[in-house]
Amino acid sequence: MQSHTKTKRTKLLSIIGDEDTVCGFLLAGIGEVNQHKETNYFVVKKDTPVSAIEETFKRLTSREDIAVVIINQHVAEKIRELVHSYRAPIPAVLEIPSKDQPYDLSQDSTVKRVRQMLGLGA
């Protein structure tokens, strides 16, 4: 009698951020290129157009194989309205600081949503 087991594919982390942050996450092993040659990471430089950041955010948050989109907070600021309007629980969006930019809790869209849900205001 053969045993049939389904292999459950794990979900990925993804990263949108400055070069140092993305490089660190790639060194930790989160980088992947799928069969369509799409990556789960995106490096934002000073001259990266906002439209490219928006397109990447939309692409990563619509992929079924991604569980978390990690984004540097200073990059999220460039597309704040898009980040703030994103409401799906998965993939979750997690804002993190970068080595050159401080983290501002009051700007984090996830924290704002949680505060609203708890009735603590924005």
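**Exercise 1. Is Leu26 buried, partly exposed or exposed, and at what relative accessibility?**

Solution. The structure is a predicted model, in which local features need pLDDT of at least 70 and side-chain atom pairs count only at pLDDT 80 or more, while totals for chains, interfaces and linings use all residues. Residues are numbered from 1 along each chain as its sequence is written, and side-chain values use heavy atoms, with hydrogens and water left out.

Step 1: recall the classes, in which buried means under 20% relative accessible area, exposed over 50%, and partly exposed in between, with a 1.4 Å probe and protein chains only. Step 2: Leu26 has 31% relative accessibility and therefore counts as partly exposed. Step 3: place Leu26 in helix α1, where helices (H or I, at least four residues) and strands (E, at least two) are DSSP runs numbered from the N terminus. Step 4: list the contacts, meaning heavy atoms within 4.5 Å; leaving aside residues up to four places away in sequence, Leu26 touches Gly31 and Tyr41.

**Exercise 2. Determine the environment of Thr21 and set it beside that of Gly24, both in helix α1.**

Solution. Step 1: Thr21 has a relative accessible area of 12% and is buried, whereas Gly24, with 37%, is partly exposed. Step 2: the side chain of Thr21 makes a polar contact with the side chain of Asp18 at 2.8 Å; such a contact is a pair of N or O atoms within 3.5 Å, where within protein one must be able to donate a hydrogen and the other to accept it, and residues adjacent in sequence count only if both atoms are side-chain atoms. Step 3: when residues up to four places away in sequence are not counted, Thr21 touches Ile15, Asn72, Ile96 and Ser98.

**Exercise 3. Work out how the buried residues of helix α2 are arranged around its axis.**

Solution. Step 1: α2 runs over residues 50-62, and its 13 residues reach 18 Å from the first C-alpha to the last, close to the 18 Å expected at 1.5 Å a residue, the expected span being 1.5 Å times one less than the number of residues. Step 2: Ile53, Thr56, Phe57, Leu60 and Thr61 are the buried residues to consider in α2. They cover an arc of only 120 degrees around the axis, which puts them on the same side of α2; the arc is that of the directions from the helix axis to the C-beta atoms. Step 3: an α-helix has 3.6 residues a turn, so residues three or four places apart point the same way. Step 4: Glu55 and Ser62 are exposed on the other side of α2, while the buried residues pack against several elements, including β1 (12-17), β3 (66-72) and α3 (73-78).

**Exercise 4. Identify two backbone features that lie in loops, at Pro91 and at Lys37.**

Solution. Step 1: the peptide bond from Ile90 to Pro91 is cis, with omega near 0 degrees, and Pro91 is found in the loop between α4 and β4. Step 2: Lys37, in the loop between α1 and β2, has a positive phi of about 65 degrees although it is not a glycine. Step 3: at 72% relative accessibility, Lys37 counts as exposed.
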